[in-house]
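Got the viewer open? Let's take a short walk along the backbone and stop at a few spots.

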Amino acid sequence: MSESAGANPILERLQQRFGDRIRSTHDFRGDATATVDPAAIVAICDWLRSEPGLELDILMDLTAVDYLQRRPRFEVVYHLYSLKHRHRLRLKVPADGEAPEVPSLTGLWRGANWYEREVYDLFGIRFSGHPDLRRILLYPEFVGHPLRKDYPYNKRQPRLPPRSGGGAQVT
Amino acid sequence: MGIGDRGLAGQAEAGAVHAGEGGWVSSKLDAAVAWARRWSLFQYPFVTACCGMEYMSLVSAHYDVDRFGAALPRFSPRQADVLFVVGTISHKIAPVLKNVYEQMCEPKWVVAFGVCTCTGGFYDNYATVQGIDTIVPVDLYIPGCPPTPEMVLDGIMKLQAKIDRQKQELV
């Protein structure tokens with residue numbers, strides 16, 4: 001994380017408005033990132049979305065990363081884009097523990113709904129305030145969250161008992 | 001004399017080896033039914049992934065699978081003879097594949113189209129069935145990622161040869 005926050009006008013304004021809620025910032029060739037306090041993510045996004053001159057009105061992506069050895073272990077990553085100004089900002093929120101939880105953005109963007117369900121399904125990160133937090137890609141009886149680094153990559157949970165014998169009988 | 005007639009004539013010679021009293025009639029009947037079955041392979045395409053593109057090129061006019069009587073896809077399993085499983089099968093969709101197979105009337109055959117259906121391909125992960133023969137019996141494996149249309153034509157001819165060798169159950 002660099003200290004070049006002043007170079008990027010979006011990061012600069014974010015710092016001015018939410019100084020104590022911004023944990024760190026990073027800017028490399030205009031690709032700006034801010035790691036922020038989980039409790040402030042909804043307020044920050046709300047402000048970024050409506051603030052004149054920023055208007056980051058599209059939630060392009062919402063995903064997560066599992067840094068197994070690191071504490072806090074998870075990071076939820078938000079990619080925002082402004083249709084009006086054509087600039088971008090990446091926000092990161094740390095999450096830790098076996099059942100990590102961060103606030104949901106469904107109140108700001110309805111499109112966050114399925115992104116958050118996907119992150120919950122594959123990483124097991126819960127989103128507080130989500131209206132319908134259940135698995136979206138995997139089947140309901142699946143146990144665990146397969147994109148966690150400690151999930152065995154080839155552990156399978158078949159829904160059908162295995163058939164005995166390989167191919168069909170040659171007669 | 002068409003291709004079909006030649007096929008029937010070839011069968012008649014093979015059938016003549018069984019020279020019993022009623023054997024001659026039943027082997028003739030067997031040959032006739034085998035001829036009819038192998039030249040009218042109505043297929044049910046169970047297409048889930050990128051192999052579907054190669055399947056589309058196969059069923060286009062250029063490769064003319066109607067030469068083998070296999071050009072008529074039925075989108076109801078109850079009317080189909082051959083289940084073409086085209087593309088990666090995940091554990092989530094596996095019960096659907098089994099259902100479709102069970103809905104097909106006898107006699108029926110299953111073709112594993114592409115390496116994902118044969119073995120799981122390079123998807124050695126939590127989501128993918130490691131070969132559809134763990135779910136349904138497979139008559140013909142066509143590997144390749146994707147298989148070329150020529151490989152599939154070769155496969156259809158091998159399936160025809162297999163049908164020809166089978167005892168023709170009249171159900």
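Before you click, one bit of vocabulary: helices and strands here are DSSP runs, numbered from the N terminus, with at least four residues for a helix and at least two for a strand. Also keep in mind that this is a predicted model.

**Stop 1: chain A, a proline.** Select Pro72(A), in the loop between β3 (58-66) and β4 (74-81) of chain A. Now add Arg71(A) and look at the bond joining the pair: the peptide bond from Arg71(A) to Pro72(A) is cis, with omega near -5 degrees. Most peptide bonds are trans.

**Stop 2: still chain A.** Move on to Arg86(A), which sits in the loop between β4 and β5 (88-95). Arg86(A) isn't a glycine, yet its phi is positive, near 55 degrees. Most residues other than glycine have a negative phi. Is Arg86(A) buried or exposed? Arg86(A) counts as exposed because it has 7 C-beta neighbours inside 10 Å, and the cut-off for exposed is 12 or fewer.

**Stop 3: over to chain B.** Pick Asp64(B), in the loop between α3 (51-59) and β2 (82-86) of chain B. Here's another non-glycine with a positive phi, about 50 degrees. Asp64(B) has 12 C-beta neighbours inside 10 Å, so Asp64(B) counts as exposed too.

**Stop 4: a proline in chain B.** Which kind of peptide bond joins Cys145(B) and Pro146(B)? Select both residues and check: the bond is cis, with omega about -5 degrees. Pro146(B) is in the loop between β4 (140-142) and α6 (149-165) of chain B.

How values were computed:
Residues numbered from 1 in each chain as written. Chains lettered and ligands numbered in written order. Predicted model: local features only at pLDDT ≥ 70, side-chain atom pairs only at ≥ 80, totals over all residues. Buried ≥ 20, exposed ≤ 12 C-beta atoms within 10 Å, placed from the backbone.
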